[in-house]
Amino acid sequence: MLSGTPSPDFCASLGAPLIVGVDEAGRGPLAGPVVAAAVLLCRPRPAGLDDSKKLTADRRALLEERILRRCAWGIGVVEVEAIDRLNIFGATMLAMTLAVEQLCTALGRDCCQVLVDGNLTPAGRRMEWRWPARAIVGGDACEPAISAASILAKEHRDRLMRAAAADHPHYGWDRNKGYGTPDHLAALRTHGPSPLHRRSFAPVAQADLFSCAG
């Protein structure tokens, strides 16, 4: 988990209320962690924020640098073991909770409202969650704070998967980031699952059975 804020008087410069955006990256892949980010935007906010999936890699990297430098943020990472234990939905709710907790630690105070991309929030689903929350479908494209969170979450997770690819080169994670692409599925059938594969996901479980039978 990571967090940061530009300066001790960051909140004072913004005034109240403090509205935070949250998004995740990595619910669908067959391998690697799920990552969530929480962002409290600076004023003026970085220009050009949008859903991370709509941005070029160069644009995402530039915006990530600006968000990390100028805004307050927190990142929560939930590893494969917890994904398999909790299921991916539960792990995503945990990652979001960790991200907001990290952000509040960096701020030295709680936020007033959390805007979460999607149709559900961790409220009532994680006992540690204590903030008023509102789910916004498509929020990563229409709510700037969520857009910023989507950028941080994706960039952070992509770096983790590129690093993991160096230790597990068979699966092409530097290219597919753990998603079930044809080359990834073919490698699973040939080499079997790695320690970073989610064994609760059907394609991995099937490959695991196949490798055991072989």
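**Group meeting: a walk through one predicted chain**

Let me start at a single residue. Ala106 sits in helix H4. Ala106 has 22% relative accessibility, so it counts as partly exposed. Now look along the chain to Phe89, which is 17 residues away in sequence from Ala106. The C-alpha atoms of those two are separated by 26 Å.

One caution before I go on. This is a predicted model. Every value you hear from me is computed on that model.

Overall picture next. The chain has 9 helices and 6 strands. There are 214 residues, and 50% of them count as buried. The C-alpha atoms fill a box of roughly 65 × 40 × 30 Å along the principal axes. What about the radius of gyration? The chain has 18 Å. A compact globule with 214 residues would come out near 17 Å, so the two agree.

Now contacts across the sequence. Take the contacts with a separation of 6 or more. Residues 24 or more positions apart account for 67% of them.

On to a helix pair. In general, two packed helices are described by the angle between their axes and the distance between the axes. Our pair is H2, residues 57-70, and H6, residues 144-167. Their axes come within 9 Å. They cross at roughly 110 degrees. Are H2 and H6 roughly parallel or roughly perpendicular to each other? Roughly perpendicular, because the window for that class runs from 65 to 115 degrees. The crossing of H2 and H6 is left-handed.

Who meets whom there? From H2 we have Arg60, Ala61, Leu63, Glu64, Ile67 and Leu68. From H6 come Ala148, Ile151, Leu152, Lys154, Glu155, His156, Asp158 and Arg159. Sort that contact by class, and you get 7 nonpolar, 1 polar and 6 charged residues.

Stay with the region before H2 for a moment. Asp51 is in the loop between S3 and H2. Is Asp51 buried or exposed? It is buried, because its relative accessibility is 7%, and the cut-off for buried is under 20%. What does Asp51 touch, beyond residues up to four places away in sequence? The partners are Asp140, Ala141, Ser147 and Ser150.

Pro44 is also in the loop between strand S3, residues 34-40, and H2. A cis peptide bond joins Arg43 and Pro44. Omega there is about -5 degrees.

That brings me to backbone geometry. As a rule, most residues other than glycine have a negative phi, and most peptide bonds are trans. The cis bond between Arg43 and Pro44 you have just heard about. Two residues with positive phi come next.

Asn87 is one. Its phi is positive, about 85 degrees, although Asn87 is not a glycine. You will find Asn87 in the loop between helix H3, residues 80-86, and H4. Asn87 counts as partly exposed, because its relative accessibility is 43%.

Lys177 is another. Here phi is about 55 degrees, again positive and again not a glycine. Lys177 lies in the loop between helix H7, residues 173-176, and helix H8, residues 182-191. Lys177 is buried, since its relative accessible area is 14%.

Lys177 leads us to Gly172. Gly172 is in the loop between H6 and H7. With a relative accessible area of 2%, Gly172 is buried. Which residues does Gly172 contact, leaving aside neighbours within four places in sequence? Lys177 and Asp183. Then take His184, which is 12 residues along the chain from Gly172. Their C-alpha atoms are separated by 6.4 Å.

Last stop, Cys111. Cys111 lies in the loop between helix H4, residues 88-107, and strand S5, residues 113-117. Cys111 is buried, at a relative accessible area of 7%. Setting aside neighbours within four places in sequence, Cys111 is in contact with Leu18, Val20, Val100, Cys104 and Trp131. How far apart in space are Cys111 and Ile83? 27 Å, C-alpha to C-alpha, with their positions 28 residues apart in sequence.

To recap the helix pair: H2 and H6 cross at roughly 110 degrees, with axes that come within 9 Å. And the recap on burial: Asp51, Cys111, Lys177 and Gly172 are buried. Over to you.

Note on methods
Residues are numbered from 1 along each chain as its sequence is written. This is a predicted model: local features need pLDDT of at least 70, side-chain atom pairs count only at pLDDT 80 or more; totals for chains, interfaces and linings use all residues. Side-chain values use heavy atoms; hydrogens and water are left out. Axes are lines fitted to C-alpha atoms, for helices over the stretch in contact, and angles run from 0 to 180 degrees between N-to-C directions. Helices (H or I, at least four residues) and strands (E, at least two) are DSSP runs, numbered from the N terminus. Angles under 35 degrees count as roughly parallel, over 145 as roughly antiparallel, 65 to 115 as roughly perpendicular and the rest as oblique. A crossing is left-handed if the near helix is turned anticlockwise from the far one by less than a right angle, and right-handed if clockwise. Contact means heavy atoms within 4.5 Å. Ala, Val, Leu, Ile, Met, Phe, Trp, Tyr, Cys and Pro count as nonpolar, Asp, Glu, Lys and Arg as charged, and the others, Gly among them, as polar. Buried means under 20% relative accessible area, exposed over 50%, partly exposed in between (1.4 Å probe, protein chains only). The radius of gyration is taken over C-alpha atoms; the globule rule is 2.2 Å times the number of residues to the power 0.38.
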